[in-house]
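Dear colleague,

I am handing over a structure that you have not worked with before, and I would be glad if you could keep it open while you read the notes that follow it.

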Amino acid sequence: LKLRYYRQMIDLNLHHKEYLAVSKNYFEIYKTPSVKDVEQKWKEALQRVVLYLILSEYNNEQSDMLARIKTDTNLSKLPYYQNVLTCFDTAELLNWSILKKVYSQHLKSKPGEPASPLDKEENWDVLQMRVVEHNIRVLAKYYTRISMQHFADLLHLDLKEAEKRLCEQVVKGTVTAKIDRLDGVICFTKRKDTEQILNAWSGNLNSVMDLIGNVNHLITKERMVHQVS
């Protein structure tokens, strides 16, 4: 009954293209004792956990789950799935052409096997987008300023498409960046957490109060000098 429930949830999630939810539901199937006891079943479930996880949009929940799945010892028995998962957990630029060439044969289903999500060409398009998004996060980590042309070249995109993808990530809050179109430069900044913002505000407030105190002291001093004279 539990397996039936999760498979129905998977069908519903796939209809709405909620890939992270699909991955989580496959993970629940993978953890089920009746599946864990049969190697073929847990391998199939774990493969789909990985594939739908890398097809998911990046966020804290996706990142946490990726880190958790990486520690699963059974993943070592699926080397290609382990390697592709590591690619998305490493702060290095990914080359889409090479990645697809290396993994396309190994991540698709073979004759007699259940269908893989990467049997569909449209999901390769989604994966390519995830590679671009990963590369943007990597560039934001290592660069503070970069020319738009160099940025586009590193993403293997034209300028218009590269700018579009960057803007999408800025809107989603994945990276913080500003584009200077006159100079053709992208400026990346580090996103500050709430504590850093409050500390900066407190520091600025203290500076203002110190200045007010100094001004008040000088005014009082001038009045005293004026009264004596």
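Which residues does N74 touch, not counting residues up to four places away in sequence? They are Y30, K36, W42 and L46. Please bear in mind throughout that this is a predicted model.

**Around N74**

N74 belongs to the loop that runs between α5 (60-70) and α6 (79-87), and with a relative accessible area of 14% this residue is buried, because buried means under 20%. One of the residues that N74 touches, Y30, is also joined to N74 by a polar contact between the two side chains, at 2.8 Å. Y30 itself is buried, its relative accessible area being 1%, and W42, another residue touched by N74, counts as buried at 6% relative accessibility.

**Aromatic residues**

A search of the whole structure gives eight aromatic pairs. One of them is formed by Y5 and Y6, which are arranged edge-to-face with 5.1 Å from centre to centre and 70° between the planes. Is Y5 buried or partly exposed? With a relative accessibility of 46%, Y5 counts as partly exposed, whereas Y6 is buried, with a relative accessible area of 16%.

Y30 and W42, already met as contacts of N74, form an aromatic pair that is likewise described as edge-to-face, with 6.4 Å from centre to centre and 70° between the planes. This pair links distant parts of the chain, since Y30 sits in helix α2 (residues 19-31) and W42 in helix α4 (residues 39-54), with their positions 12 residues apart in the numbering. Elsewhere, Y19, Y26 and Y52 make up one aromatic cluster.

**Y58, R137 and the spaces beside them**

R137 lies over the face of Y58, at 3.9 Å from the ring centre, and both residues return in the description of the cavity and of the largest pocket. The count comes to one cavity of 30 Å³ or more, and the volume of the largest cavity is about 30 Å³. Its lining is made of E57, Y58, E133, R137, Q169, K172 and T174, and α8 (121-142) and α10 (159-172) each supply at least two residues of that lining.

The largest pocket holds about 540 Å³ of space. It is lined by 26 residues, and those that lie nearest its centre are Y58, R137, V138, K141 and T174. Which helix gives the largest share of the lining of this pocket? It is α8, with seven residues, while α5, α8 and β3 (185-189) each supply at least two residues.

**Backbone angles in two loops**

Most residues other than glycine have a negative phi, so the next two residues may be worth a look. K17, in the loop between α1 (2-15) and α2, has a phi near 55°, which is a positive value in a residue other than glycine. H156, found in the loop between α9 (148-155) and α10, also has a positive phi, of about 60°, although H156 is not a glycine. At 56% relative accessibility, H156 counts as exposed, because exposed means over 50%.

With kind regards

Definitions and conventions: Residues are numbered from 1 along each chain as its sequence is written. This is a predicted model: local features need pLDDT of at least 70, side-chain atom pairs count only at pLDDT 80 or more; totals for chains, interfaces and linings use all residues. Side-chain values use heavy atoms; hydrogens and water are left out. Helices (H or I, at least four residues) and strands (E, at least two) are DSSP runs, numbered from the N terminus. Buried means under 20% relative accessible area, exposed over 50%, partly exposed in between (1.4 Å probe, protein chains only). A polar contact is a pair of N or O atoms within 3.5 Å; within protein, one must be able to donate a hydrogen and the other to accept it, and residues adjacent in sequence count only if both atoms are side-chain atoms. Contact means heavy atoms within 4.5 Å. Rings of Phe, Tyr and Trp (its six-membered ring) pair if their centres lie within 6.5 Å; planes under 30 degrees apart count as stacked, over 60 as edge-to-face and the rest as tilted. A charge sits over a ring if NZ of Lys or CZ of Arg is within 6 Å of the ring centre and within 35 degrees of the ring normal. On a 1 Å grid over the protein atoms alone, a cavity is a set of points where a 1.4 Å probe fits but cannot get out, and a pocket is an open set with protein on both sides within 12 Å along at least five of seven lines; lining residues have an atom within 4 Å of a point. Grid points are joined across faces, edges and corners, and a volume is the space filled by probe spheres set on the points.
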